[in-house]
Amino acid sequence: MSKVPVQHLMNSPRRQRLLGAALGLCALILLPFVTFNTQAQGAFTPTGPVKIVVMFPPGGGTDAVARIVGEKLSERWKQPVVVENKAGAQGNIGTAFGAKAPADGYTLVFAHQGVFTVNPHLYKDMGVNPVRDLVPVARLTQQPYVLVAHPSVAANNLKELEALARSQPGKISFGSSASGPQLAVEYFKHTTGVDLLHVPYKGAGPAVIDALGGNINLLVANPASVAPHVKAGKLKGLVLFGAEGVDALVGVPTALEAGYPALADIPEWYGLAVPAGTPTATVQQLNLDITAVLADPQVIQRIRGLGLSPSPSTSEAFAAQIRRDYDRWGDLIKKAGITAN
């Protein structure tokens, strides 16, 4: 019996066909594992519902922006994006709740300027340290606060309000639903020496209702919460705590125009964050998706219609802004002796 060389067997067409089939079978067996590994190391794409935790109740700018952005993210991801409102303690409760969620990208925490940069200096225990326990993903909007008055208040601008407050110390009330807008008026009090009575609210919705009913004299809020009522003549716009006007509040003077330059640089911003420990690749992909949504003409129109200004940023730039505001407001709060109430 003749022997066939081993090299001939290895190079034979039949051997090559058998080897090819075996390799193909191995590839089919290993494909799920290879795909899983690639997805694990690559970009984050949700395969289930995503939650946006908003620390204030429905009816305010935070809720409106979260729902606009969430709707478009849902379309982009082909997954439900649900807004969950967790109000209380000037935004501390919802922020702490979101920070304790799994760090997997499926829980986004609405980042509010007052909660992230003011509250830590006012509360001994917020239940969360926003700088330590949350990672900034992207800024969404940036705009000035607006101070409005009930029509019965005998002041049509900030100069007249200052004079009125001096004649009635401690009797004119102002409401706010977060520490950020409260700080704007507290700074006005600090720089002018007037005495106003602060009335805190759990959310912009209840505060606006009381302002419309005359239960409080003044309200400081984001433009989204009050612009429709100013247009309707149900509230008077006294001043924007910024250097630039807002399309939805044409005619309301800026702090610069009103003669109060020290009050012209108190911006409010909204953004999104995730629990600390979320993979960097996930944060970066979320930033890309959110930035793409904010570039959508429909989203821009809807946000501007609220009286807010779309203002996307990188994760790093947003983190740097939070740190600057954190230090800045901490210094002001200490000098002015402002406390939570």
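How much space lies in the largest cavity? In this predicted model, the answer is about 100 Å³, and a search of the whole structure finds 1 cavity of 30 Å³ or more.

To find that cavity in the viewer, select His112, Ser177, Ala204, Asn222 and Tyr270, which are the closest to its centre among the 14 residues that line it. Next, colour helix H3 (61-77) and strand S10 (267-275), since these are the elements that give two or more residues to the lining of the largest cavity. If you then colour the lining by residue class, you will find 6 nonpolar, 7 polar and 1 charged.

Stay with strand S10 and show its surroundings: 9 of the 9 residues of S10 are buried, so the strand is largely enclosed by the rest of the structure. Now add strand S3 (residues 107-112), which pairs with S10 in the antiparallel sense over 4 bridges, and look across from Val109 to Ala273 in S10, which stands opposite. Strand S4 (residues 134-144) also pairs with S10 in the antiparallel sense, over 9 bridges, and here Gln143 has Glu268 of S10 as its bridge partner.

Gln143 also leads to the last stop, because it is one of the residues closest to the centre of the largest pocket, together with Gln142, Pro144, Glu244 and Ser309. About 340 Å³ of space lies in this pocket, and 19 residues line it. Select strand S4 once more, and you will have the element that gives the most to this lining, with 3 residues. By class, the lining of the largest pocket has 9 nonpolar, 6 polar and 4 charged residues.

Methods. Residues numbered from 1 in each chain as written. Predicted model: local features only at pLDDT ≥ 70, side-chain atom pairs only at ≥ 80, totals over all residues. Heavy atoms only, no water. 1 Å grid on protein atoms, 1.4 Å probe; cavity = no way out; pocket = protein on both sides within 12 Å on 5 of 7 lines; lining within 4 Å. Points joined across faces, edges and corners; volume = space filled by probe spheres on them. Nonpolar A, V, L, I, M, F, W, Y, C, P; charged D, E, K, R; others polar. Buried < 20%, exposed > 50% of the residue type's maximum accessible area, 1.4 Å probe, protein only. Pairing = 2+ DSSP bridges.
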